[in-house]
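These are my notes from one sitting with the model. I went through a few places in turn and wrote down what I looked up.

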Amino acid sequence: MKYGIDMGHNAPPDVGASSRYGSEDRLTREVGTQVINKLRALGHEAVNCTPTSATSVMDSLRKRVNTANANNVDVLISLHFNAFNGNAHGTEIFAISDAGRRIAQPILNNIIALGFANRQIKNGSHLFVLRSTNMPAILVECCFIDSERDMKLYNTEDMVNAIVRGLAGRLPPTTPAPTTGTTTGTGTATGGRDNQVLKLQQSLNKLQIPDSNNRPLTEDGITGAATQSATQRFHQLMGINATGQPVSLTWKALDEIISQPVLRPNHAEGSAVRYLEYRLGVTVTGVYDDRLNEVVRNFQRQQNVSVDGIVGPQTWGLLMGQPIPALSLKIIRDTVLKQSTLDSNQITDPNLKHEIKQGEEIPLHSWSEEGNHVRAAFNNVTFKGFNTWYAFSDHVEIWEGGEPLIVETAVEEAPQVETRADAFNLPGYTSTFFLSNPIIPNGNFTWREALHNGQRIPRFKSHVDNIIALAQRLQEVRARLGGFPMTVTSWYRPEPWNSRAGGARNSRHLTGEAVDLLRSGMTGRQMAARLQDWPGGMGTYTHYPNLLHLDIRPYRARW
């Protein structure tokens, strides 16, 4: 049998969910890697269909499908972890054919035998990966990463075994573990050095957990007495019943602490609170009670920061030795900083552009918007001799005081929709476009919806690029709202249409960066609650309660 294994997401900007229990990217990678290894140990072929990079979410999805089709696998299994509201729990599998359902059923049976709730096999016809392969494909939502109930049940090895048993009917025979270069994670061991051990050492050092001699660990990727003693100390601190070797609860605790969740008095408990108590030198209970509240307030007074008892980015930064810049540029997708607003592939001089990875944060002196770009002047930071760069606004966010910048803005009214269709051309593009065609390949949003039935053809390439960028993001929105059809009431609205509609003078609709949407069965506020981490502008309308406004400005705005 030839299996295709897709480790969901793991290709920025296509990244998975996360919670205080960990990240979907890490869990799907751990599960997928071990599923591949065990299938191969059983004599099957297993092809890793996970891309190593992508330019967009749709590009990531296409690459997975293309790899499966090119390798002519017999079945594709896409591995994911769910997230919703912290209360939802259980396992569900998506399929679109009888063959897919037959493959899914034994996997589901094996997973729910571990104690997970049965959310059944569901219709996955809205999922690009399932409907675009030449072979049967299924998407496994192993469990909910934001559910305490599920994550207490979850164990990587058990989940892997359930999936392999469901696919192959059995597990490979167990073999003794090697005596050197091993790990409980999925790192690669070479010459006694292991990536997961290195990650553990780096994490413990970051959290200032020393060895038995009260010394920081040597970050060499080699398990020794010092690393084991520090791990044991961390286990005791977290109340984990384990020795000096990391277990799944070790990684969950580390992920929770390093994610620096906001902790509020009488509303927090768990690993992050235990670490907070450890750092502040009080008895470790894991509960943020009145006693700990007073200790935190004293710490804040000593550090000359806001005394509110809330452990947010500023207080975490002081505990972790990471001062929070007053203003910063946060990179939310791998991108290229440029010395002009040209597309990066049009800039031939390598000294005039600089690649930068998702997650980087750079202190800012000042910033401004220029079309669909942000002009950022960095504070005491230079790249290739320049401290001022341009970045595509859809790839960055402006942060202030350790939080995404939120600006209150005026409410806009929503216009009506008319009908009309024909072919048209766009500035900067030589091909002919059709209103009925999707804006992005295999997408659900058409040019007709974006351009008001062809009545509003852009005159500037930057406006076209904004529409395309927003369409890519809306695919994610549609999926997060259940994959149901959505109705666009307003998208691109240049003058004079913007003024006629009562739009704000600086409306994002003017440049194609904003859209107003309806989704049957949900109000605007319900949609906003599902999309609360949307990185741009989001608002609802008093007189149009079922509408939701979304835009891709480089900072967060809410109304």
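Where is the place of S203? I found S203 in helix 7 (residues 195-206); helices here are DSSP runs of H or I with at least four residues, strands are runs of E with at least two, and both are numbered from the N terminus. The model is predicted, so I kept in mind that local features need pLDDT of at least 70 and side-chain atom pairs pLDDT 80 or more, while totals for chains, interfaces and linings use all residues. Residues are numbered from 1 along each chain as its sequence is written, and side-chain values use heavy atoms, without hydrogens and water.

**Entry: S203.** Is S203 buried or exposed? I noted S203 as buried, at a relative accessible area of 9% (buried is under 20%, exposed over 50%, partly exposed in between, with a 1.4 Å probe and protein chains only). The side chain of S203 reaches the backbone oxygen of K199 at 2.9 Å. Leaving aside neighbours within four places in sequence, I listed L254 and I258 as in contact with S203 (contact is heavy atoms within 4.5 Å).

**Entry: six-strand sheet.** I read the strand order of this open, mixed sheet as 4-1-5-8-6-7 (two strands pair if DSSP finds at least two bridges between them). Strand 4 (45-48) and strand 7 (118-123) each have a single partner strand, so one side of each has no neighbour in the sheet. On average, neighbouring strands of this sheet are turned by 20° against each other, direction ignored. Strand 6 (residues 91-95) pairs with strand 7 in the parallel sense over four bridges, and I93 stands opposite I121 in strand 7.

**Entry: five-strand sheet.** I then looked up a second open sheet, also of mixed pairing, in the order 21-22-24-23-25. Its edge strands are strand 21 (486-490) and strand 25 (557-558), each pairing on one side only. Strand 21 runs antiparallel to strand 22 (residues 514-519), with four bridges, and V488 stands opposite L517 in strand 22. Helix 14 lies across strand 21, strand 22 and strand 24 (548-551), at about 25° to strand 22 (axes are lines fitted to C-alpha atoms, for helices over the stretch in contact, and angles run from 0 to 180 degrees between N-to-C directions).

**Entry: helix 14 and a lining.** Which helix gives the largest share of the lining of the second largest pocket? I noted helix 14, with seven residues.

Note on methods
A polar contact is a pair of N or O atoms within 3.5 Å; within protein, one must be able to donate a hydrogen and the other to accept it, and residues adjacent in sequence count only if both atoms are side-chain atoms.
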